[in-house]
Structure formats: structure tokens, C-alpha cells
Amino acid sequence: MSAESIQKNDGERRRHLRRRIALDVAFGPVTPSHPRPSHAQLQRTVTVDVSHGGMCLYTDAPYPPDAQLFCLLTLPDEAAPIECVVRVAWLQHVNHDDHTYKVGVEFLTLTAEDGARIDQVLRGHAPRPQAGAKTVLLVDDDAELRQALKVRLQSVGFHVVTANKKANASELAF
């Protein structure tokens with residue numbers, strides 16, 4: 001295995017380290033007549049994980065492999081989102097109330113500056129809740145979505161307690 005690739009549990013090799021982080025992203029299909037879809041045409045979602053090479057996110061549309069999407073990726077504490085075009089690498093159907101698919105995409109037009117901005121986020125850690133931070137009880141049976149939302153809520157200063165079902169949540173809440 002080369003020094004650049006990372007072994008996953010299922011034997012797949014990755015070139016870049018991934019971090020589970022929920023970032024806001026808006027995206028839509030790129031067409032020859034519309035290389036940048038209007039804001040009204042963009043679907044909003046959150047990432048499951050992000051790497052220097054791409055990201056995984058939730059979607060309701062079954063984008064085919066190799067489809068190109070325009071993305072606006074919002075990083076924590078930054079007003080201006082990263083604008084880029086990505087290529088769909090894979091699509092997975094998920095049984096979840098809020099989303100139908102997970103899609104893995106590869107960055108195609110990421111600038112060196114934007115790549116450095118992503119690397120800073122990947123090296124960072126979610127801020128610890130401040131003393132007196134509000135506590136959120138997060139209940140969802142989808143472990144990946146629960147983790148993504150937990151990271152997102154922690155990134156804005158909440159203390160997050162999680163449960164995977166209503167019965168567990170009732171015990172934690174009282």
C-alpha cells in the first residue's frame with residue numbers, strides 16, 4: 001500500500017483521510033447550458049464526511065456515476081462558501097425518513113486555496129462546549145445521521161447527548 005492511500009475496513013483504498021463532519025452544502029446538476037444552477041435549483045443538505053479529495057452527502061435524487069454537480073460548501077466560521085464542481089463517484093440507497101440516498105463525490109475544480117481551507121477544517125476539532133452551554137438531546141435511529149448532526153451541533157457550541165431510540169431518550173431526558 002502506498003503512503004498516500006488509506007486502507008478502509010472493507011479493503012477499499014483511499015488517497016485522503018476522511019473526517020466525519022456535518023457541513024452545510026447546496027448542490028445541483030451541471031449542464032452545458034447551466035454550468036452554475038440558480039439558487040432555486042440547488043438542493044440543501046449536510047455532509048456525512050469530507051476529505052481533501054471529496055465528500056459524502058445525503059440527497060433525495062439518484063445522481064448517476066460520473067454526473068457533475070455544482071456545489072456550495074460552507075465551512076465553519078466562514079461567510080463565503082467554497083464553490084466547486086464535483087463528480088459523482090458512487091450512490092447508495094439508504095432507508096431513512098429524511099433522505100433516500102448517500103452519494104460520494106470527488107472534487108474536480110477545487111482551487112489550491114479552497115483545498116487549504118478544507119484541510120484546516122479536517123485538522124481541526126469540534127469546539128468544546130462552553131460552561132453553561134445549552135444541552136440538546138438528539139434522537140435518531142440512523143447512526144451516521146445522528147453522528148453528523150451531533151458534530152454539527154457541537155461545532156456551534158452545544159453540548160449534545162444522543163440516543164438511538166425513544167426509550168433511551170426518555171431515560172436520558174429525566
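On one side of helix H1, Ala 112, Glu 113, Gln 120 and Arg 123 are exposed, and it is with this helix that the description of the predicted model opens. The residues of H1 that are buried are Asp 114, Gly 115, Arg 117, Ile 118, Val 121 and Leu 122. Viewed down the helix axis, these buried residues fall within an arc of 155 degrees, so they line one face of H1. The background to such an arrangement is that an α-helix has 3.6 residues a turn, so residues three or four places apart point the same way. The cover over the buried residues of H1 includes strand E3 (19-20), strand E5 (43-50), E7, strand E8 (82-93) and strand E9 (101-107). The length of the helix was also examined: at 1.5 Å a residue, the 12 residues of H1 (residues 112-123) should span 16 Å, and the end C-alpha atoms are 16 Å apart, which agrees.

Within H1, Asp 114 has a relative accessible area of 10% and is therefore buried. Apart from residues up to four places away in sequence, Asp 114 touches Ile 82 and Glu 83.

For the protein as a whole, the secondary structure comes to 3 helices and 11 strands, which follow one another along the sequence in the pattern β-β-β-β-β-β-β-β-β-α-β-α-β-α. Of the 174 residues, 37% count as buried, and the protein exposes about 10,200 Å², of which carbon and sulfur atoms supply 51%. Among contacts with a separation of 6 or more, 58% are accounted for by residues 24 or more positions apart.

A search of the whole structure for aromatic pairs finds 1. The ring centres of Phe 27 and Tyr 63 are 5.9 Å apart and the ring planes stand at 65 degrees, so the pair is edge-to-face, the angle being over the 60 degrees that this class requires. Phe 27 belongs to strand E4 (residues 24-29), whereas Tyr 63 is in the loop between strand E6 (54-59) and strand E7 (68-73), so the pair ties together parts that are 36 residues apart in sequence. Both Phe 27 and Tyr 63 are buried.

Tyr 63 also appears among the contacts of Leu 91, a residue of strand E8. Leaving aside neighbours within four places in sequence, Leu 91 is in contact with Ala 61, Pro 62, Tyr 63, Tyr 101, Lys 102 and Val 103. With a relative accessible area of 31%, Leu 91 is partly exposed. The C-alpha atom of Leu 91 is separated by 9.5 Å from that of Thr 59, the two residues being 32 residues apart along the chain.

The loop between E6 and E7 also contains Asp 66, which has a positive phi of about 75 degrees although it is not a glycine. Asp 66 is exposed, its relative accessible area being 52%.

In the loop between E8 and E9 lies His 99, which at 13% relative accessibility counts as buried. When residues up to four places away in sequence are not counted, His 99 touches Thr 45, Tyr 58, Thr 59, Asp 60 and Val 94. One of these contacts, Tyr 58, is 41 residues from His 99 along the chain, and the C-alpha atoms of the two are separated by 6.2 Å.

The count of disulfides comes to 0. Cys 84 is in no disulfide, and the nearest cysteine sulfur, that of Cys 71, is 5.0 Å away, beyond the 2.5 Å within which a pair of cysteine sulfur atoms would count as a disulfide. Cys 84 is buried, with a relative accessible area of 2%, and Cys 56 is likewise buried, with a relative accessible area of 5%.

Finally, Val 156 occupies the loop between helix H2 (143-155) and strand E11 (159-163). At 53% relative accessibility, Val 156 counts as exposed. Val 156 and Asp 77 are 79 residues apart in sequence, with a C-alpha to C-alpha distance of 9.1 Å.

Technical notes:
Residues are numbered from 1 along each chain as its sequence is written. This is a predicted model: local features need pLDDT of at least 70, side-chain atom pairs count only at pLDDT 80 or more; totals for chains, interfaces and linings use all residues. Side-chain values use heavy atoms; hydrogens and water are left out. Rings of Phe, Tyr and Trp (its six-membered ring) pair if their centres lie within 6.5 Å; planes under 30 degrees apart count as stacked, over 60 as edge-to-face and the rest as tilted. Helices (H or I, at least four residues) and strands (E, at least two) are DSSP runs, numbered from the N terminus. Buried means under 20% relative accessible area, exposed over 50%, partly exposed in between (1.4 Å probe, protein chains only). The expected span of a helix is 1.5 Å times one less than its number of residues. The arc is that of the directions from the helix axis to the C-beta atoms. Contact means heavy atoms within 4.5 Å. Accessible areas come from the Shrake-Rupley method with a 1.4 Å probe; for residues, only the protein chains shown count as cover.
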